[in-house]
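Student: Could you take me through the surroundings of the ligand in this model? I would like a close look at that one part.

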Amino acid sequence: MSQLYGVALTGTGSCLPARVVTNDEFAEALNLDTSDEWIRTRTGIRERRFAGVGETSATLGAAAARHALAAAGLAPDAIDLIVCATVTPDLMCPSNACLIQAELGCRHVPAFDVSAACSGFLYALSVATQFVRTGAARHALVVGAEVLTRAMDVTDRNSCILFGDGAGAVVLSATPVLNVGVRNLRLYSDGSRQELIQVPSRVTPVPPPGPPMLQRLDYLRMSGREVYRFAVTRLVELIQQAEVDCREMGLAGPDVLIPHQVNQRIIDAALEDAGFPKDRVVVNLDRYGNTSAASVPVALDEALRTGRCRPGDTVLLVAFGGGLTWSSAIVTL
Ligand code: UT7
């Protein structure tokens with residue numbers, strides 16, 4: 001067998017749109033039957049960011065990638081692979097990854113998108129890890145970027161209050177040291193529950209009658225309570241499984257947990273069931289809401305930049321969402 005490499009995380013970056021939308025704006029500007037008090041107590045969210053004119057998941061993703069490259073001390077031409085996780089790409093074709101490749105001026109390297117909703121970043125991380133582990137790429141860029149506010153129904157108080165826009169990115173680099181970086185990944189799906197969260201596409205299974213035309217873009221639909229129950233159950237399982245995985249690798253356990261930022265009550269319920277200490281969990285959903293594929297890399301970047309986690313720490317990244325999909329990664333920084 002040819003040589004395998006360690007997959008070190010050498011840089012992180014993030015980019016959030018400047019426009020802050022508070023809970024009160026939903027009730028006032030959007031004339032929605034809700035309140036700051038309801039949103040805060042039921043979700044923990046206080047505000048989120050909305051992409052502005054000219055901002056898309058590709059532009060936010062490219063900006064996050066630039067920060068990650070700077071943190072890694074690499075120029076764009078050092079990158080051998082670009083994988084972007086998104087369910088809100090700028091276009092059906094080409095991929096956001098290709099738009100990011102052009103925007104950054106990377107070489108003509110493989111670039112493609114991964115679609116796994118809120119698990120997307122960990123799915124993309126998994127793909128890039130295989131390239132770096134096997135020596136097919138020396139440095140890989142992994143981006144999670146979304147503008148879900150463009151796909152939300154502002155008349156649906158169950159779902160629209162949850163989402164925000166943003167992007168996060170990491171650089172993975174091959175190293176001869178095996179026990180650093182991405183140590184373990186777990187990915188799962190259950191398509192039989194696909195109807196629980198859906199963002200209908202412009203391309204539908206049934207062609208519209210008459211001359212070719214675009215279907216109306218429909219909005220995100222979600223069964224909140226069912227997704228809530230699914231999220232708590234899977235989050236508990238993933239934490240408990242990661243503790244077993246850590247022990248098998250000779251680690252005491254994850255030092256820090258970075259869960260998908262979706263609802264404070266989901267996180268709290270899972271921590272209690274799994275017996276995981278609350279003070280070792282990174283949460284920023286109060287400021288950004290649920291940014292889908294961007295949520296985990298944005299929280300990871302902030303945690304590193306604020307000293308919430310440090311080089312040497314073992315971090316457990318956990319995500320779950322549409323598909324249904326759920327996933328985890330154990331990473332030693
Ligand atoms: O990335 C994964 C994607 N999504 C998720 O993970 C979402 C997971 N689910 C959730 O976070 C929660 O289920 C929600 C925040 C969506 C809803 O919270 P909940 O505590 O599960 O509320 P509920 O659906 O049980 O609804 C309770 C009440 C209902 O009123 P009635 O029927 O009791 O009169 C809702 O109509 O709260 C009402 N409600 C609201 N009231 C004020 C729902 N949304 C709102 C709102 N403002 N924004």
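Tutor: Happy to; what follows goes from the ligand outward to one of the helices beside it. This is a predicted model, where local features need pLDDT of at least 70, side-chain atom pairs count only at pLDDT 80 or more, and totals for chains, interfaces and linings use all residues. Residues are numbered from 1 along each chain as its sequence is written, and side-chain values use heavy atoms, with hydrogens and water left out.

Around the ligand there are 22 residues, and Thr34, Arg42, Arg157, Arg225 and Asn263 come nearest (a residue counts if one of its heavy atoms lies within 4 Å). Polar side-chain atoms of Arg42 and Asn263 lie 2.7 Å and 2.8 Å from an oxygen atom of the ligand, while for an N or O atom in the side chain of His260 the distance is 3.0 Å. On its own the ligand has 940 Å² of accessible area, of which the protein covers 79% (Shrake-Rupley method, 1.4 Å probe).

Helices H2 (36–43), H6 (224–248) and H7 (264–274) each give two or more residues to this shell, and H6 supplies the largest share, four residues (helices are DSSP runs of H or I with at least four residues). H6 itself has 25 residues and reaches 36 Å from first C-alpha to last, close to the 36 Å expected at 1.5 Å a residue (1.5 Å times one less than the number of residues). Among its buried residues are Val227, Phe230, Leu235 and Ile239 (buried means under 20% relative accessible area, with a 1.4 Å probe and protein chains only). Just after H6, Gly250 takes a positive phi of about 80°.

Conventions: Polar contact = N/O pair within 3.5 Å; in protein donor to acceptor, adjacent residues only side chain to side chain. Buried < 20%, exposed > 50% of the residue type's maximum accessible area, 1.4 Å probe, protein only.
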